[in-house]
Every structure is written in structure tokens, then in C-alpha cells.
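Reader: I should like to learn how the features of a protein model are read, one at a time. May we work through an example together?

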Amino acid sequence: MKVGVTGASGMLGTSLVAHLSEKHKVFATSRSKGIEGDNIEWDCFDLTDIALLNEWLEKSKLDLVIHCAAIVNVDACEENVELATELHVETTKAMVDYLGSSDGRLIYISTDSVFDGEKQGAYSESDLENPLNVYAKTKLMGEKPVQSMNNGLVLRVNIIGWTQEGGTSFAEWILKSLIGNVPLSLFYDVYFSPLHVDNLSLIIGKIIERPIFGLHHCVSSDSISKYDFGKKMAETFQLSNENINRVSVDSIEFKANRPKNMALSVKKISSALVHDIPNVIDTIKLMKHQYDNNSNLLN
């Protein structure tokens, strides 16, 4: 198949391009070029330039697009509402219009942050959204046109993994701090369900072969506080946790409001794919395994 990947030099995009190019022709786009190889064709442009986006779609004649591109800095979205709207909503609408008319498929990567975090326990796909910040609001707005498609799939995710040059993910930041004995303040009252990008890429590979549509949560099979996640990272990597400070998210003044509970249920997607979703500890162990086999990952 001819598969397009937006945000292809980002953490998830890089993993998808590497994984999917083994079986499919991948058309990758981002602001800068990422990994190269057989079956990978790069085209770098500003995705919010809708004329260039349509030109890329028309030229590539894609069967499927995986829309990963996003402004992942939540506070930056508060200051750039117009740009967040253009990237998360307008580009998605353009893809829906094109792929809808060509009978193509669209997988839109959304976020676990669309809820207000007030619920006890994991959110299901039927729970009412109530986003607290511009990032989550615009990502939710982007979900709507995808769900109106016959061939559209929204995946709400929370991911960890290794970034390429110039970036640092949440898990990498924790690991670097643990190795360098740098004090870490982690929230005991914020819960999430992180899934390794390579696991998510494998799941998306399955979805390409055996399509599902609509709205699905795709995160780890359980949840953990950010504080306990840091302690588990230290334990798994056999590092001291003495520099980890237990703090409340309420003690930090962010530009953007953040939900305290981002735990999502994966019962729906696990059932649809007949696939066991890894848990948080599996996710951390995969990072440790990769680190042991490539100690340059943090450089």
C-alpha cells in the first residue's frame, strides 16, 4: 500500500516510517527529513499550507494517511491558538476532503487529554469529552471530521519512546535526570497510560492489514501516576530514586490547565483487534531493552 505519514520525523512518525516501510511504500512529510531507507520517500513542506498539502496528496495518490503532526508543547498552543487550529483542525479537514473523495483511509492520532480528568478510573470512548486547554480542544476538533468519514479512524494515544536529534520525551527526560542525579519533581496526582511508540506502530500495522474505523483508545492496558512512573523507571534501569520529589500538579503554574486523570480504557481496541495491549511495566522494560542494545540513544 501507499501510506502517507505526517509529522514523520517526530517520535511516533519515526517509528511508523521504520516499521511500515518494511511492507509498504511510505510517503513521509515533516518540516525536516527523518530516517531514510528503501520504500521511504520524503517531501518536506509546511503542512498548514493547504495548497502544498493537497499537492502532496494528489501527487502521492495515497491509499492511507496517518496524521501524526501536532504541536505537542501544550503551553505553546495557548500562545499560538491560530497555528494549533490550522495544524490540528484545518489540515485534518483537507485530508478528510481529499481521502473521502478518493475512497482513501485516514488514521488521526489524537490525545488522551480530551477529558477533564475528574473521573475516577479509566475513560472509555463513550465518556463525555471536556478539554481543559487549547491543545486538547483543537485535537478534539480535529477528531470530528475524521469520525464523519466512512474510512476514518481516530486513535487517542499517550506515547513514550526515543526521540531523534533535538528532542526529549518525558521518559528520556526522567532517564537523563536519573543518570545525572538531577532533582526530579514528579506529580503524584496526575495519572496516565503511556504506550511505547514501537508497540503503537505494531498495532497500527495490524490496523492497516485488518481495518477498524471510528474512535478507539490506544494506550497501555493500565495507568500509573507520573511519580510512580519515575520510580519504576529508576527501578527498571537500576538507578537511585533519591532525587525524585513527590509533588502535586497544583503546585506548578502552567499556562495551560491540565487534567489530573488521563487514564484510558483499551477494552474496545483490544477486543476489535483480538490483541493484548502491553502494560506500563512492559513499556518501561522495552525502553530498557532498547537502551541496553544501543547506549547512544540518549546522546
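Reader: Let us begin with a helix. Is α1 largely enclosed by the rest of the structure or largely open?

Author: A word on the source comes before the reply: this is a predicted model. To judge enclosure, one asks how many residues of the helix are buried, that is, under 20% relative accessible area. In α1, eight of the ten residues are buried, so the helix is largely enclosed by the rest of the structure. The buried residues are Met-11, Leu-12, Gly-13, Thr-14, Ser-15, Leu-16, Val-17 and Leu-20.

Reader: At what angle do α1 and α7 pack?

Author: For a helix pair, one reads the angle together with the separation of the axes. Helix α1, residues 11-20, packs on α7 at an angle of about 50°, and the axes are 9 Å apart. The two helices are therefore oblique to each other, and their crossing is right-handed.

Reader: Which residues of α1 and α7 meet?

Author: From α1 come Met-11, Leu-12, Ser-15, Leu-16, His-19 and Leu-20; their counterparts in α7 are Val-197, Asp-198, Leu-200, Ser-201, Leu-202, Ile-204, Gly-205 and Ile-208. By class, this contact comprises nine nonpolar residues, four polar and one charged.

Reader: How does one read a nonpolar core, and which residues have the most contacts inside the largest one?

Author: The general idea is that in soluble globular proteins, nonpolar side chains tend to be buried together. Here the largest nonpolar core has 39 residues, and those with the most contacts inside it are Ile-66, Ile-107, Ile-109, Leu-155, Ile-204, Ile-207 and Ile-269. Helix α7, residues 197-209, gives the most to this core, with six residues. A second, separate core of 29 residues includes Phe-27, Phe-45, Met-95 and Tyr-135.

Reader: With which residues is Leu-155 in contact, leaving aside its neighbours within four places in sequence?

Author: With those neighbours set aside, Leu-155 is in contact with Ile-107, Tyr-108, Ile-109, Ser-110, Ile-204, Ile-207, His-216, Cys-218 and Ile-269.

Reader: Let us turn to a second helix pair. At roughly what angle do α4 and α5 cross?

Author: The axes of α4 (residues 81-102) and α5 (residues 134-147) come within 9 Å and cross at roughly 10°. That angle makes α4 roughly parallel to α5. On the α4 side, the residues that meet α5 are Val-81, Ala-84, Thr-85, His-88, Val-89, Thr-92, Lys-93 and Val-96. Those they meet in α5 are Val-134, Tyr-135, Thr-138, Lys-139, Met-141, Gly-142, Pro-145 and Val-146. This contact divides into nine nonpolar residues, five polar and two charged.

Reader: Now a single lysine. Is Lys-288 buried or exposed?

Author: One compares its relative accessibility with the cut-off of 20%. Lys-288 has 16%, and therefore counts as buried. The residue is found in α10, which spans residues 280-293. Apart from neighbours within four places in sequence, Lys-288 is in contact with Thr-236 and Phe-237.

Reader: Finally, how should backbone phi be read, and what is the phi of Asn-181?

Author: Most residues other than glycine have a negative phi. Asn-181, although not a glycine, has a positive phi of about 55°. Its place is the loop between α6 and β8, and with 54% relative accessibility Asn-181 counts as exposed. Gln-238 also has a positive phi, near 55°. Gln-238 lies in the loop between α8 and β13 and is exposed, with a relative accessible area of 69%.

How values were computed:
Residues numbered from 1 in each chain as written. Predicted model: local features only at pLDDT ≥ 70, side-chain atom pairs only at ≥ 80, totals over all residues. Heavy atoms only, no water. Core = buried A, V, L, I, M, F, W, Y, C linked by side-chain atoms within 4.5 Å. Buried < 20%, exposed > 50% of the residue type's maximum accessible area, 1.4 Å probe, protein only. Helix = DSSP H or I, 4+ residues; strand = E, 2+ residues; numbered from the N terminus. Contact = heavy atoms within 4.5 Å. Axes fitted to C-alpha atoms, helices over the stretch in contact; angles between N-to-C directions. Parallel < 35°, antiparallel > 145°, perpendicular 65-115°, else oblique. Left-handed = near helix turned anticlockwise from the far one by under 90°. Nonpolar A, V, L, I, M, F, W, Y, C, P; charged D, E, K, R; others polar.
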